[in-house]
Amino acid sequence: MTPQTLARRAYAQTSAPTRTPRDTEFEAISKITHRLKAATTRRKTDYAGFVQALHENRRLWTVLATDVMDSDNGLPDDLRARIFYLAEFTEQHSTQVLSNNATVEPLLEINMAVLRGLRQIGLT
């Protein structure tokens, strides 16, 4: 193999596209939302799976809340506050869902709204 061939391979564009942090967030939220939605339909036959999916959604929102509390977070303060509020709501509402005092739909709607927002921002 010649040095020119090695150089071309080293500097050639990779076949895998570059992922942005926004892409990573979108993918994580999308996967967890899909799992929660699917687990909701099987709730009566696989309650443990439903609880696990609900727990994953809670963990996701805990991570998001922790991230927006960081002073180095570059999001605008009002958006950070709204994300933190949604995390608190998700925590409280999940407890109500587990107590059979609420439905999971508001949690799914929140996640879908965030996904729509991430997708719109990514298009501009």
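## Starting inside helix α4

Let's begin with one residue: serine 94 sits in helix α4. This is a predicted model, and in it serine 94 has a relative accessible area of 0%, so it is buried. What does serine 94 touch, once its neighbours within four places in sequence are left aside? Its contacts are Leu54, Arg58 and Leu107.

## The overall picture

Stepping back, the protein has 5 helices and 0 strands. Going along the sequence, the pattern reads α-α-α-α-α. The protein has 124 residues, and 27% of them are buried.

How much of the contact list links residues far apart along the sequence? Taking the contacts with a separation of 6 or more, 55% are between residues 24 or more positions apart. Serine 30 and valine 114 give a concrete case of distance in sequence versus distance in space: they are 84 residues apart in sequence, while their C-alpha atoms are 9.6 Å apart. Serine 30 belongs to helix α2, and with a relative accessible area of 29% it is partly exposed.

## How α3 meets α4

Helix α3 covers residues 47-69 and helix α4 covers residues 77-98. Their axes are 9 Å apart, and the two helices pack at an angle of about 160°. Because that angle is over 145 degrees, α3 is roughly antiparallel to α4. The crossing of α3 past α4 is left-handed.

Who makes the contact? On the α3 side the residues are Tyr47, Phe50, Val51, Leu54, Asn57, Arg58, Trp61, Leu64, Ala65, Val68 and Met69. On the α4 side they are Arg80, Ile83, Phe84, Leu86, Ala87, Thr90, Glu91, Ser94, Thr95, Val97 and Leu98. Sorted by class, this contact has 15 nonpolar, 4 polar and 3 charged residues. Our opening residue, Ser94, is among them, and so are Leu54 and Arg58, two of the residues that serine 94 touches.

## How α2 meets α3

Now for the other face-off involving α3. The axes of α2 and α3 come within 8 Å and cross at roughly 155°. Are α2 and α3 roughly parallel or roughly antiparallel? That angle makes α2 roughly antiparallel to α3, and α2 passes α3 in a left-handed crossing.

From α2, the contact uses Ile29, Ile32, Arg35, Leu36, Ala39 and Thr40. From α3, the partners are Gly49, Phe50, Ala53, Leu54, Glu56, Asn57, Leu60 and Leu64. The class breakdown here is 9 nonpolar, 3 polar and 2 charged residues. Phe50, Leu54, Asn57 and Leu64 of α3 appear in this contact and also in the contact with α4.

Glutamate 56 deserves a closer look. It lies in helix α3 and touches Ile32 and Arg35, not counting residues up to four places away in sequence. Is glutamate 56 buried or exposed? Its relative accessibility is 14%, and the cut-off for buried is under 20%, so glutamate 56 counts as buried.

## An aromatic pair

The structure holds 1 aromatic pair. A pair like this is described by the distance of the ring centres and the angle of the planes. Here the partners are tyrosine 47 and phenylalanine 50, with 6.1 Å from centre to centre and 35° between the planes, which is a tilted arrangement.

Both residues lie in helix α3, 3 residues apart, or about one turn of the helix. Their surroundings can be read from their accessibility: tyrosine 47 is partly exposed, at a relative accessible area of 38%, whereas phenylalanine 50 is buried, at 0%.

## Two residues in loops

Two loop residues round off the tour. Arginine 19 is in the loop between α1 (3-11) and α2 (21-41). With 46% relative accessibility, arginine 19 counts as partly exposed. Apart from neighbours within four places in sequence, arginine 19 is in contact with Thr24 and Glu27.

Asparagine 100 is found in the loop between α4 and α5 (105-123). What sets its backbone apart is a phi near 60°, a positive value in a residue other than glycine. Its relative accessible area is 59%, so asparagine 100 is exposed.

Notes: Residues are numbered from 1 along each chain as its sequence is written. This is a predicted model: local features need pLDDT of at least 70, side-chain atom pairs count only at pLDDT 80 or more; totals for chains, interfaces and linings use all residues. Side-chain values use heavy atoms; hydrogens and water are left out. Helices (H or I, at least four residues) and strands (E, at least two) are DSSP runs, numbered from the N terminus. Buried means under 20% relative accessible area, exposed over 50%, partly exposed in between (1.4 Å probe, protein chains only). Contact means heavy atoms within 4.5 Å. Axes are lines fitted to C-alpha atoms, for helices over the stretch in contact, and angles run from 0 to 180 degrees between N-to-C directions. Angles under 35 degrees count as roughly parallel, over 145 as roughly antiparallel, 65 to 115 as roughly perpendicular and the rest as oblique. A crossing is left-handed if the near helix is turned anticlockwise from the far one by less than a right angle, and right-handed if clockwise. Ala, Val, Leu, Ile, Met, Phe, Trp, Tyr, Cys and Pro count as nonpolar, Asp, Glu, Lys and Arg as charged, and the others, Gly among them, as polar. Rings of Phe, Tyr and Trp (its six-membered ring) pair if their centres lie within 6.5 Å; planes under 30 degrees apart count as stacked, over 60 as edge-to-face and the rest as tilted.
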